[in-house]
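Colleague: I'd love a close look at just one part of this model. Could you walk me through it?

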Amino acid sequence: MEPGLCNRAYLLVGGLWTAISKALFAEFLATGLYVFFGVGSVLPWPVALPSVLQVAITFNLATATAVQISWKTSGAHANPAVTLAYLVGSHISLPRAVAYIAAQLAGATVGAALLYGVTPGGVRETLGVNVVHNSTSTGQAVAVELVLTLQLVLCVFASMDSRQTLGSPAAMIGTSVALGHLIGIYFTGCSMNPARSFGPAVIVGKFAVHWIFWVGPLTGAVLASLIYNFILFPDTKTVAQRLAILVGTTKVEKVVDLEPQKKESQTNSEDTECLIFTCDMFLQPFSFMLCLC
């Protein structure tokens, strides 16, 4: 392989890896901060037990902060339910979704571990693990989490959709999270985010009814994605395009460079062939060009 081609390939692969690493770290960081501050607000300090309003406001601010930090780098999912919704709506590929969810769960676990480490033993208790409250049945708990997550994901889509708005979505998504907590705390402690439930559960080892906080939010996210992307604001993607996005395939096009000055500088008069790759495995469609000179 020619030295010039090797250098170009190295630079392109390096650039792609840097972008992927940034996106995954952004999801890790945003979810970790969300869990640390959000779950921290529900800890039962003896001098002042948390109120519902305090918890809702804290989760609002934690969400807005996490979104503002990461939305231009990774899309600010910070929630496996949101990632699943984007996958169903053909906005991201399956490899990207899997990587995001792994980063989110890791971030949530680290955030919960950090909170556990800095909290006095008498205050930790169950570290804010989501449970079913007030004689709520498991079926009712799933339904509540479904509805809470549905409104959140609809708000995320509307706030992130460039066809609707170009500003930061942080405030509106934070408001949606606060709304869910004002109601959901009485039923399930309000998850709406499997990673938020997963992190504390891993640290304290309590997984009773943990499945509720996966089934409810993920089902609500899928329904929200179908409603937004196929009913309220349908796009024009074909089935082939959706499948290509799903598997993260690479599209290759052949481009012929006809600039005379470039031809003259070459040792022969053959056209330069360029391969343009479009990859949506981890980021928004990422295009790069590899020229075979």
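In which helix does Ile57 lie, and which residues make the nonpolar surface patch?

Modeller: Happy to! This is a predicted model, in which local features need pLDDT of at least 70, side-chain atom pairs count only at pLDDT 80 or more, and totals for chains, interfaces and linings use all residues. Residues are numbered from 1 along each chain as its sequence is written, and side-chain values use heavy atoms, without hydrogens and water. Ile57 lies in helix H2 (helices are DSSP runs of H or I, at least four residues, numbered from the N terminus). Together with Leu53, Leu61, Leu182, Ile183, Tyr186 and Phe187, Ile57 makes a nonpolar surface patch of about 660 Å². Patch residues have over 30% relative accessible area (Shrake-Rupley method, 1.4 Å probe, only the protein chains shown counting as cover) and no salt bridge (Lys or Arg side-chain nitrogen within 4 Å of an Asp or Glu carboxyl oxygen), with nonpolar side chains joined within 5 Å. Helix H2 (52-70) and helix H7 (170-188) each supply at least two residues of this patch. The most comes from H7, which gives four residues.

Terms used
Patches are made of residues with over 30% relative accessible area and no salt bridge: like charges are joined within 9 Å, nonpolar side chains (Val, Leu, Ile, Met, Phe, Trp, Tyr) within 5 Å.
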